[in-house]
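Work through the exercises below with the sequence and the 3D structure in view. Each task is followed by a solution in steps.

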Amino acid sequence: MTTFSALATCSTKTEADKLAAALEELDNAPYGVGVFEIEDGRGRFEIGAYFMDRPDETALAILAAAFGATSFVTSEIGDRDWVSEVRRELSPVHAGRFVVHGGHDRDIAAGRRHALEIEAAMAFGTGHHGTTRGCLLALDRLAKQGFSPRRIADIGCGTGVLAMAAASVWKQRVLAADIDQIAVDTTRANMRVNHLGPFAATVRAPGFTAPMIRSMGPYHLVLANILARPLRRLAPDMARHTTRGGVIILSGILNDQRAGVEAVYVANGFARLWIGHDGEWSTLVMRR
């Protein structure tokens with residue numbers, strides 16, 4: 001499958017984060033955006049955006065100029081051995097009771113009750129990103145507080161790490177959905193590798209649109225680690241498909257986007273329980 005990348009650099013983290021947030025607002029929004037410090041001692045930051053369809057290069061040029069970035073360099077991403085490339089960069093991630101690791105670090109996680117093995121794949125969610133860690137820590141905190149959901153959904157599941165974390169704690173069936181078939185297949189495979197296959201229900205669908213998602217709800221716990229813009233659009237459906245008293249965990253939200261996302265959910269009947277922070281990212285935990 002051919003996808004597209006667009007890369008630019010900024011001289012400050014603040015401008016890079018603002019540019020990343022603006023990219024999410026494009027009509028042809030990217031399915032993933034990241035900001036990374038370039039480790040060359042010059043203090044510059046790279047912004048990477050990844051698209052299912054060819055991006056609008058005029059729109060990218062306007063955004064780059066508006067935020068003082070270099071011009072975006074766009075390219076097609078063909079079939080590369082992402083598994084081998086990413087695996088070299090993965091190290092175990094500790095988040096509360098969870099340890100997320102690759103198969104090459106299986107010995108390190110041996111004996112841990114909530115060790116989750118994730119193989120590198122073309123799907124988001126290895127536990128290394130602040131948004132994923134934030135969600136894992138939120139799950140850990142809910143479990144410590146005695147929360148015990150029976151119906152759970154992971155909307156935008158990526159590799160399925162959050163779905164697996166929830167299944168490993170509560171031993172309940174988890175509905176995992178994503179718009180990308182690669183993500184759905186990766187989630188299903190990872191659930192099997194972690195002996196959580198019996199708790200996996202997977203479907204390719206945007207948001208809550210699939211009949212399977214609707215039929216398994218309403219949900220006591222919904223996880224959605226995506227981006228601020230689609231989270232805002234999902235708020236009415238989130239309310240319809242979450243039980244009264246149910247909890248939602250929202251992430252993929254930059255700190256300066258959090259208030260806007262929260263306001264939309266408050267308007268749809270949710271109240272904040274707490275906010276988690278990991279660097280520039282916020283995790284919002286709310287109850288309906």
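**Exercise 1: helix α6**

10 of the 10 residues of α6 are buried, so α6 is largely enclosed by the rest of the structure. Buried means under 20% relative accessible area, exposed means over 50%, and partly exposed is in between (1.4 Å probe, protein chains only). Helices (H or I, at least four residues) and strands (E, at least two) are DSSP runs, numbered from the N terminus. This is a predicted model: local features need pLDDT of at least 70, side-chain atom pairs count only at pLDDT 80 or more, and totals for chains, interfaces and linings use all residues. Residues are numbered from 1 along each chain as its sequence is written, and side-chain values use heavy atoms, with hydrogens and water left out.

Task: List the residues of α6 that are buried, then describe what comes just after α6.

Solution.
- Step 1. The buried residues of α6 are Val161, Leu162, Ala163, Met164, Ala165, Ala166, Ala167, Ser168, Val169 and Trp170.
- Step 2. Just after α6 comes Lys171, with a positive phi of about 55°. Lys171 is in the loop between α6 and β9 (174–178).
- Step 3. Lys171 has a relative accessible area of 46%, which means that it is partly exposed.

**Exercise 2: aromatic rings**

Task: State how many aromatic pairs a search of the whole structure finds, and analyse the one with Phe147 and Trp170.

Solution.
- Step 1. The search of the whole structure gives two aromatic pairs. Rings of Phe, Tyr and Trp (its six-membered ring) pair if their centres lie within 6.5 Å; planes under 30 degrees apart count as stacked, over 60 as edge-to-face and the rest as tilted.
- Step 2. Phe147 and Trp170 have ring centres 6.3 Å apart and planes at 85°, so this pair is edge-to-face.
- Step 3. Phe147 is in the loop between α5 (130–144) and β8 (152–155), while Trp170 is in helix α6, so the pair ties together parts that are 23 residues apart in sequence.
- Step 4. Phe147 and Trp170 are both buried.
- Step 5. Another ring has a charge over it: the charged end of Arg141 is 3.9 Å from the centre of the ring of Trp274. The criterion is NZ of Lys or CZ of Arg within 6 Å of the ring centre and within 35 degrees of the ring normal.

**Exercise 3: the two sides of α2**

Task: Sort residues of α2 into buried and exposed, and find what covers the buried ones.

Solution.
- Step 1. Helix α2 spans residues 57–66, and its residues Ala59, Leu60, Leu63 and Ala64 are buried. They cover an arc of only 135° around the axis, which puts them on the same side of α2. The arc is that of the directions from the helix axis to the C-beta atoms.
- Step 2. Thr58, Ile62, Ala65 and Ala66, on the other side of α2, are exposed.
- Step 3. The cover over the buried residues includes β1 (3–10), α1 (13–24), β3 (45–51) and β4 (73–77).
- Step 4. At the N-terminal end, Asp56 caps α2, with a side-chain oxygen 2.9 Å from the backbone nitrogen of Thr58.
- Step 5. After α2 comes Gly68, with a positive phi near 65°.

**Exercise 4: Thr9 and its contacts**

Task: Place Thr9 and name what Thr9 touches.

Solution.
- Step 1. Thr9 is part of strand β1. Its relative accessibility is 16%, so Thr9 counts as buried.
- Step 2. Leaving out residues up to four places away in sequence, Thr9 touches Ile38, Arg44, Phe45, Glu46, Ile47, Ala69 and Thr70. Contact means heavy atoms within 4.5 Å.
- Step 3. The side chains of Thr9 and Arg44 form a polar contact of 2.9 Å. Such a contact is a pair of N or O atoms within 3.5 Å; within protein, one must be able to donate a hydrogen and the other to accept it, and residues adjacent in sequence count only if both atoms are side-chain atoms.
- Step 4. Thr9 and Ala69 are 60 residues apart along the chain, and 5.5 Å separates their C-alpha atoms.

**Exercise 5: backbone exceptions**

Task: Describe the peptide bond from Gly217 to Pro218 and the phi of His195.

Solution.
- Step 1. Most residues other than glycine have a negative phi, and most peptide bonds are trans.
- Step 2. The bond from Gly217 to Pro218 is cis, with omega near 0°. Pro218 is in the loop between α8 (211–216) and β11 (219–225).
- Step 3. His195 is not a glycine, yet its phi is positive, about 60°. His195 is in the loop between α7 (181–193) and β10 (200–204), and its relative accessibility of 69% makes it exposed.
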